[in-house]
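Let's take a walk through the inside of a protein, looking at its cysteines and at the empty spaces between its atoms. Have the structure open and turn it as you read.

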Amino acid sequence: MEIDRPATNGDGAGAAEEMDLERPFLRRSSSGSRRRRTAGETPLGSPSRRPSFRQEMGHAAAETYLITRLTLVLLRYLGVGSRWITKFLALGFYALLLMPVGYYYFFSNQVRRSVIYGEQPRNRLDLYLPINGSTPKPVVAFVTGGAWIIGYKAWGALLGRRLAERDVIVACIDYRNFPQGTISDMIKDASQGISFICNNIVDYGGDPNRIHLMGQSAGAHIAACALVDQALREHQGENTSWSVSQIKTYFGLSGGQVFNVKNCSKTSIDRYNLFDLVDHVHRRGLYRSIFLSIMEGEQSLQRYSPELTVQDQSFHPAIICLPQIILFHGTGDYSIPSTASENFATALRSVGAQVKLILYEGKTHTDLFLQDPLRGGRDDLLEDVVAVIHAGDAVALAKDTTAPKARRLVPEWQLKLARNDADVCIL
């Protein structure tokens, strides 16, 4: 059963409503032990003074070189066909339309870029810090999307900016993409990034007791895999560097799984269940052979499908370890249809997990994450996320009711062009 919410305007928001964990609703558009550091141990990316302008420019050049090099490596692997050339040209044009966000990312004093969390080349994360750092802030550990091949930490700059404006620290975790690594490498990197945040965020003004995990698109799949894997490890008594009990909420944005393989009768599209995903992504340009290489072969699809994992009998005792799970999806998403999140929510609910499904009428794969925040004014997704993060904090909730409208960053005609390009290049 779905609960319709009336359309909202841009005139602020009332008090946050208590979230019903049993039924989805449709938005109309408009304690385990924690690992402690010893006295002599220092975090890999400890806070330091702000870099100079020369260092900033050098960092920007290095980041640009990295993106260019990885793109060329990927093109060599995919083959230089017209479909992929079109997609990469569209992606480049799409990036140009988002230059205002890029300026903020490279030059804002509130952004700490490329904090090292591990030993692999892509083991870096970006921190978006609120201006007011007088008290410990809630934290969102964010895993970006990108079809497992073009994910990059800077893709979370807009989310980081908007949440930082609402007194929330955001840590955008970078991870190895294909062909640098396969799905197990991505999950390992994400888990290591989460561990760094849980154990070190206090050094950056974060509250270690208020950490939330969020993933978008392919990042939602990777984050869900990391969370489910961690819960199972804890249930089995393994020593781990972070605990699922440290995560208050998992937010899954536009995630899912989509493949139909031989002897599989499911036909819906669901990135949380990889058996539903193969043919769908093949039609959109991520060819079956490449997708199966990313997922380490057809024999590994079940292992890396969170929807199937939570329904496995062996996982049931670990369900109690999971935090509350909130899934967001637009009903106009054709890259990963909203049935993906609906199916995952049903599977979680069937085994007793706390889950909430929120659908946004007519929203596409990128509307919620990019176009709406760039447009300014009231942002339904942002308000829904902030309401959960600030739940129980009367002072923060009071500030939310009087928070100024976000200003528009991009003209509407540019957003329309970006939306068309996103339909071509985003999975």
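Start with a cysteine, Cys172: its relative accessible area is 0%, so it counts as buried, the cut-off being under 20%. Keep in mind that you're looking at a predicted model. Now find Cys225, which has a relative accessible area of 7% and is buried too, because that value is under 20%. How many disulfides does the structure hold? Zero.

Next, the empty spaces. Let's begin with the largest cavity, which has a volume of about 100 Å³. Three elements, α4, α11 and α12, each give two or more residues to its lining. The largest share comes from α4, with four residues. Try picking out some of the lining residues on your screen: among them are Leu158, Leu159, Arg162 and Leu163, along with Met214, Phe369 and Pro373. What kinds of residues are these? The lining of the largest cavity divides into ten nonpolar residues, two charged ones and no polar ones. Arg162 and Asp379 are both part of this lining, and both count as charged.

Now move over to the second largest cavity, where you'll find about 40 Å³ of space. Around it sit Ala224, Leu227, Val228, Tyr250, Val310, Leu322, Ile325, Phe344 and Leu348. Here α6 (218-235) and α10 (339-350) are the elements that give two or more residues to the lining, and α6 provides the largest share, three residues. How does this lining divide into nonpolar, polar and charged? It has nine nonpolar residues, with no polar and no charged ones.

Finally, let's leave the cavities and visit a pocket. The second largest pocket has a volume of about 780 Å³, and 42 residues line it. To find its centre, look for Ala164, Glu165, Arg166, Asp167 and Ala403, the lining residues that lie nearest to that point. The elements giving two or more residues to this lining are β5 (137-143), α4 (157-164), α11 (367-375), α12 (380-389) and α13 (394-401). Which of them gives the largest share? That's α13, with four residues. As for its make-up, the pocket lining has 15 nonpolar, eleven polar and 16 charged residues.

You may recognise some names here: α4, α11 and α12 appear in the list for this pocket, and they were also listed for the largest cavity. Go back and look at both spaces with those helices in view.

How values were computed:
Residues are numbered from 1 along each chain as its sequence is written. This is a predicted model: local features need pLDDT of at least 70, side-chain atom pairs count only at pLDDT 80 or more; totals for chains, interfaces and linings use all residues. Side-chain values use heavy atoms; hydrogens and water are left out. A disulfide is a pair of cysteine sulfur atoms within 2.5 Å. Buried means under 20% relative accessible area, exposed over 50%, partly exposed in between (1.4 Å probe, protein chains only). On a 1 Å grid over the protein atoms alone, a cavity is a set of points where a 1.4 Å probe fits but cannot get out, and a pocket is an open set with protein on both sides within 12 Å along at least five of seven lines; lining residues have an atom within 4 Å of a point. Grid points are joined across faces, edges and corners, and a volume is the space filled by probe spheres set on the points.
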